[in-house]
Amino acid sequence: MKVILIAAHDPNLVIGNDGELPWHYSEDLKFFKRQTLGHPIVMGRIVFEELNEKPLPGRENIVLSKSKSYDHVKSFKSIDNALEYLVDREKVFIIGGGEIYRQTIDRADELIITEIKDEFKGDTFFPEYRDQIGSTWKEYWREEHNEFDFVKLKKV
Ligand SMILES: NC(=O)c1ccc[n+]([C@@H]2O[C@H](COP(=O)([O-])OP(=O)(O)OC[C@H]3O[C@@H](n4cnc5c(N)ncnc54)[C@H](OP(=O)(O)O)[C@@H]3O)[C@@H](O)[C@H]2O)c1
């Protein structure tokens with residue numbers, strides 16, 4: 001099982017504001033869909049509520065919550081239990097939010113990052129990893145666009 005964190009952040013690592021994405025880039029949403037389609041996605045309860053508790057199609061949706069469980073999606077009360085359940089899968093995408101990224105970045109094999117170029121106001125952040133590029137993380141793929149770059153990094 002390869003654990004992949006997929007996130008979009010601004011130059012200050014902002015990923016969210018007031019329970020929402022601070023930006024809307026349709027190309028980024030399409031990129032996210034292309035990367036994750038057919039694979040399980042793991043998210044925190046706040047992200048699932050942001051989706052109005054509607055699972056994203058074409059992917060097994062896994063929700064992490066200690067306080068809630070759902071009839072229509074699988075949920076786990078711990079990250080260990082969720083990853084144990086998914087252990088036979090080829091790839092598992094961790095799709096946020098901040099709390100979940102923070103608790104999973106140490107066990108991630110890969111990061112798929114949209115580097116947003118503009119700065120946004122935010123209250124939720126991706127964990128700092130850029131100081132570890134060259135030691136823990138190696139960038140192996142980059143696609144440049146006007147407003148953002150798509151970047152893939154592997155744990156070395
Ligand atoms: N830019 C991006 O790529 C991106 C991606 C995703 C999200 N976001 C943004 O991030 C923000 C949401 O992030 P967030 O940090 O507030 O919330 P979150 O990570 O989505 O969810 C936090 C919740 O997850 C559950 N949880 C956390 N750790 C857990 C554990 N170890 N085991 C079981 N459950 C656990 C808890 O739910 P209970 O309280 O129910 O126990 C906790 O309240 C939003 O603004 C969203 O737009 C941005």
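**Exercise 1. Determine which element gives the most residues to the shell around the ligand in this predicted model, and describe the shell as a whole.**

Solution. Helix or strand contributions are compared first, and α4 gives the most to the shell around the ligand, with five residues. The shell is then taken as a whole: 30 residues surround the ligand, and the closest are Ala8, Arg45, Ser65, Lys66 and Ser67. Sorted by class, these surroundings comprise twelve nonpolar, twelve polar and six charged residues.

**Exercise 2. Locate the ligand among the pockets, and list the elements that give two or more residues to its shell.**

Solution. The ligand sits in the largest pocket. Two or more residues of the shell come from each of β1 (2–9), β2 (14–16), α2 (45–50) and α4 (98–104).

**Exercise 3. Find polar backbone atoms that lie close to N or O atoms of the ligand, and state how much of the ligand the protein covers.**

Solution. Begin with nitrogen: a nitrogen atom of the ligand is 3.0 Å from a polar backbone atom of Ile15. Turning to oxygen, a backbone N or O atom of Glu20 lies 3.1 Å from an oxygen atom of the ligand, and a polar backbone atom of Gly98 is 3.2 Å from an oxygen atom of the ligand. Each pair can be checked against the cut-off for a polar contact, which is 3.5 Å. As for cover, the protein takes up 87% of the 940 Å² of accessible area that the ligand has on its own.

**Exercise 4. Decide whether Ile116 is buried or exposed, and place this residue in the fold.**

Solution. Ile116 lies in strand β7 (residues 110–116). Because its relative accessible area is 3%, Ile116 is buried, the limit for this class being under 20%. Finally, Ile116 and Lys138 are 22 residues apart in sequence and, C-alpha to C-alpha, 19 Å apart in space.

Technical notes: Residues are numbered from 1 along each chain as its sequence is written. This is a predicted model: local features need pLDDT of at least 70, side-chain atom pairs count only at pLDDT 80 or more; totals for chains, interfaces and linings use all residues. Side-chain values use heavy atoms; hydrogens and water are left out. A residue is near a molecule or strand if one of its heavy atoms lies within 4 Å of it. A polar contact is a pair of N or O atoms within 3.5 Å; within protein, one must be able to donate a hydrogen and the other to accept it, and residues adjacent in sequence count only if both atoms are side-chain atoms. Accessible areas come from the Shrake-Rupley method with a 1.4 Å probe; for residues, only the protein chains shown count as cover. On a 1 Å grid over the protein atoms alone, a cavity is a set of points where a 1.4 Å probe fits but cannot get out, and a pocket is an open set with protein on both sides within 12 Å along at least five of seven lines; lining residues have an atom within 4 Å of a point. A molecule sits in a cavity or pocket if more than half of its atoms lie within 2 Å of its grid points. Helices (H or I, at least four residues) and strands (E, at least two) are DSSP runs, numbered from the N terminus. Ala, Val, Leu, Ile, Met, Phe, Trp, Tyr, Cys and Pro count as nonpolar, Asp, Glu, Lys and Arg as charged, and the others, Gly among them, as polar. Buried means under 20% relative accessible area, exposed over 50%, partly exposed in between (1.4 Å probe, protein chains only).
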